[in-house]
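Trainee: I have a structure to read and a list of terms to learn. Can we go through them one by one?

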Amino acid sequence: QAMQRVGMAAQSLDRFSRLSTDLSNERTLLAWMRTALAALRTAFSYLSLEAGDSGWLALATASRAATVTVVLVATLSGIRRYQTIKRATFMPVPPQHFGRMSI
């Protein structure tokens with residue numbers, strides 16, 4: 001009976017640990033989304049810029065394109081990272097290497 005209690009306690013600790021990991025993973029996803037939204041806000045502010053000559057127009061267009069690229073990369077990277085870690089978190093035996101990408 002004592003061994004049963006120890007086993008139940010270990011399972012409870014494992015569930016709590018996985019829940020804690022899942023919640024921190026969600027916070028990380030939210031941080032990626034905040035970054036994407038901030039970049040999107042900046043992209044919209046670039047729309048109000050007007051250029052006097054073609055050199056500045058090219059620079060403004062390049063800045064807009066770069067900002068949209070940052071938004072897309074941040075969004076897609078955050079979602080991919082969230083899904084990868086969530087899958088690994090709830091495996092019975094999480095792998096040591098699961099394709100996690102760090103920046």
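Trainee: Why is Leu76 called exposed?

Mentor: Exposed means over 50% relative accessible area, buried means under 20%, and partly exposed lies in between (1.4 Å probe, protein chains only). Leu76 has 57% relative accessibility, so Leu76 counts as exposed. Leu76 is found in helix H2.

Trainee: What should I keep in mind about the model itself?

Mentor: This is a predicted model: local features need pLDDT of at least 70, side-chain atom pairs count only at pLDDT 80 or more, and totals for chains, interfaces and linings use all residues. Residues are numbered from 1 along each chain as its sequence is written, and side-chain values use heavy atoms, with hydrogens and water left out.

Trainee: What makes a stretch a helix?

Mentor: Helices are DSSP runs of H or I with at least four residues; strands are runs of E with at least two; both are numbered from the N terminus. The protein chain has 2 helices and 0 strands.

Trainee: How do you know that the span of H1 agrees with its number of residues?

Mentor: The expected span is 1.5 Å times one less than the number of residues. H1 has 46 residues, so the expected span is 68 Å; its end C-alpha atoms are 68 Å apart, which agrees.

Trainee: How many residues does H2 have, and how far does H2 reach?

Mentor: H2 covers residues 54-89, which is 36 residues. H2 reaches 52 Å from its first C-alpha to its last, close to the 52 Å expected.

Trainee: Why is Ala43 called buried?

Mentor: Its relative accessible area is 11%, and the limit is under 20%, so Ala43 is buried. Ala43 lies in H1. Other buried residues of H1 include Trp32, Ala36 and Ala39.

Trainee: What covers the buried residues of H1?

Mentor: The cover includes H2. In turn, what covers the buried residues of H2 includes H1. Among those buried in H2 are Val71, Ala74 and Ile85.

Trainee: Is Thr42 buried, exposed or partly exposed, and why?

Mentor: Its relative accessible area is 28%, between the two limits, so Thr42 is partly exposed. Thr42 is found in H1, residues 2-47. The C-alpha atoms of Thr42 and Val68 are separated by 9.3 Å, with their positions 26 residues apart along the chain.

Trainee: Why is Phe44 called exposed?

Mentor: Phe44 has a relative accessible area of 54%, and the limit is over 50%, so Phe44 is exposed. Phe44 is found in H1.

Trainee: What makes a nonpolar patch?

Mentor: Patch residues have over 30% relative accessible area and no salt bridge; nonpolar side chains (Val, Leu, Ile, Met, Phe, Trp, Tyr) are joined within 5 Å, like charges within 9 Å. A salt bridge is a side-chain nitrogen of Lys or Arg within 4 Å of a carboxyl oxygen of Asp or Glu. Here Leu37, Leu40, Phe44 and Leu47 form a nonpolar patch on the surface, with about 420 Å² of accessible area together.

Trainee: Which share of the protein chain counts as buried?

Mentor: Of its 103 residues, 19% count as buried.

Note on methods: Contact = heavy atoms within 4.5 Å. Areas by Shrake-Rupley, 256 points an atom, 1.4 Å probe, with all protein chains shown as cover.
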